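Biologist: Could you take me closely through one helix of this protein, and then carry on from there into the interior and the metal site? Please give the cut-offs behind each term as you go.

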Amino acid sequence: MTNQPSPMRAQPETPFPRRSLLYVPGDSLRKIEKAAALDADTLILDLEDGVARSQKEAARAVVGEALARLDFGPRERLVRLNHPTHGMIEAELAATLPSPPHGYVLPKVEAASELLDLDARLAQAEQARGLAQGSLTIFAMIETARGLLRLGEIAASTLRLAGLIFGAEDFTADVGAIRSPGGVELLYARSSLVITAAAYGLHAVDAVYLELDNLAGLEEECALGRGLGFGGKTAIHPRQLPVINQAFTPAPAEVARAQALVNAFAAHQAQGTGVFVYEGKMVDQPVIVAAQRLLARMAQITPLAPTAPPPK
Ligand code: COA
Ligand code: MG
C-alpha cells in the first residue's frame, strides 16, 4: 500500500517564527506604539473582544493609522476582525487595507463558508489595490464547540489560511467546562487543533494565559502546548513574551541532539544500516523525521526573521 499524497499544501515558507503572538487592543495607540518595539514575533491588533463596543469605530481608525505610520520592524502584524455576524468586516477592511497588515484573524470560526467569504473579500482587495494574489493571510480562531467539530472543513477551506488559534476562554464558556490548573478539560480541544493543523500544513497557536503575574504557571502551560505540538502561543502582556519565546524555541541541547542523530543516521545509512542504538535508545526513520523537523523549525527561528514588509 502506498501513502496517498496529502490533499493540502505543505507548510508554506514564511519569514515569521510565530512563537509569540501578542494581542494589542486596537483602540490604544500607546500600546500599539509600545508593541512595535516589543520582542513579539507577531502582533495581533485587536478590533474584537479587547475593544469596548463604544470604541469599535475609533479602534478601526487607530489601527489603520498605526499600520500606515509606525515602523513595526520584522514583526508580523495581523488584525483581528469581529465575527461576520456583527456586520463590521467591510468597514474593518476598508480602514486597514490602505496600509495592509500581513493578514487577518477571524474569531469564533464555525464553518468554512465564513473563511471563504473573507477569502473572496481579500482576493477582491488584492486585485483592486495591486497586491499579489493570495498574499494576505488568514488565521482562524477555534473557540466554540461547533468550530471544533468542523475543524477539518475549516482547515481545508482556503489556501490563504496560515494557522489555527485556540481561544480557550470562549471555548470554556461555550461548552460549560470548569477550568483546572492542569487544563485537562481543554486537552481534547488542544490536541484536535494541533492534529488538524499538522494534517493541513497550518501553524497551531495556543490560547492566552490569563494570570499576568504567574510566569511559572505560564511556563508550565507553554511546555504543555509545545509538548502537544503547538508552534506558538498568544500573549496578552509584554511580560509574557520572554517566557513564550524561550518555551517555543528548541533548547540548545535539543538542537545538538537532533543534529547528532541526523549525522549518526547518515553514517549508518552509508554502511547499509537502517536502525541503530543511540544513547541506549533505538533510532530509525521516524525518530530522524522528528529530529529533522526540529532542525528545520530552528532554522526558521534563528537567525531572527529578516524585515518582511506587508504584501505588495
Ligand atoms: N501590548 C502592548 N503594550 C502593552 C500591552 C499589550 N498587550 N499590555 C500592556 N502593555 C504596556 C502598557 O501600556 C504599559 O506601558 P505604559 O505604562 O508605558 O503605558 C506596560 O506595558 C505595562 O502594562 P501594565 O501597567 O502592567 O498593564 P496595564 O494595566 O496597562 O494593562 C491589560 C493590562 C491586561 C489591560 C493589558 O495587558 C492588555 O490590554 N492586554 C491585551 C488584552 C487583549 O487584547 N485582550 C483581548 C485578547 S485575549
Ligand atoms: Mg475569543
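**One helix and what lies around it**

Modeller: In this predicted model, helix H3, which spans residues 89-96, has Ile89, Glu92, Leu93 and Thr96 as its buried residues, where buried stands for under 20% relative accessible area, exposed for over 50% and partly exposed for what lies in between, with a 1.4 Å probe and protein chains only. Those residues line one face of the helix because, viewed down the axis of H3, they fall within an arc of 95°, the arc being that of the directions from the helix axis to the C-beta atoms. Helices (H or I, at least four residues) and strands (E, at least two) are DSSP runs numbered from the N terminus. The partners against which the buried residues of H3 pack are helix H2 (56-69), strand S3 (76-80), strand S4 (103-106) and helix H4 (112-129), contact being heavy atoms within 4.5 Å.

As for conventions, residues are numbered from 1 along each chain as its sequence is written, while chains are lettered from A and ligands numbered from 1 in the order in which they are written. Local features need pLDDT of at least 70 and side-chain atom pairs count only at pLDDT 80 or more, whereas totals for chains, interfaces and linings use all residues, and side-chain values use heavy atoms, with hydrogens and water left out.

Turning to the interior, the largest nonpolar core (buried Ala, Val, Leu, Ile, Met, Phe, Trp, Tyr and Cys residues joined through side-chain atoms within 4.5 Å) has 61 residues, of which Ile32, Leu118 and Leu164 touch the most other members. H2 gives the largest share of this core, 5 residues. Leaving aside residues up to four places away in sequence, Leu164 touches a set that includes Ala140, Ile142, Leu193 and Val205.

Strand S6 (residues 161-166) has 6 of its 6 residues buried. S6 runs parallel to S5, to which 5 bridges join it, and 3 bridges join S6 to strand S7 (residues 203-206), again in parallel; two strands pair if DSSP finds at least two bridges between them. Gly163 in S6 stands opposite Phe139 and also opposite His203 in S7.

At the metal site, Glu143 (OE) and Asp170 (OD) are the protein donors of the magnesium ion (ligand 2), from which they lie 2.0 to 2.2 Å. Donors are N, O and S atoms within 2.8 Å of the metal (3.2 Å for Na, K and Ca), and sites may look incomplete because water is not among the atoms. Glu143 is buried at 2% relative accessible area, whereas Asp170, at 26%, counts as partly exposed.
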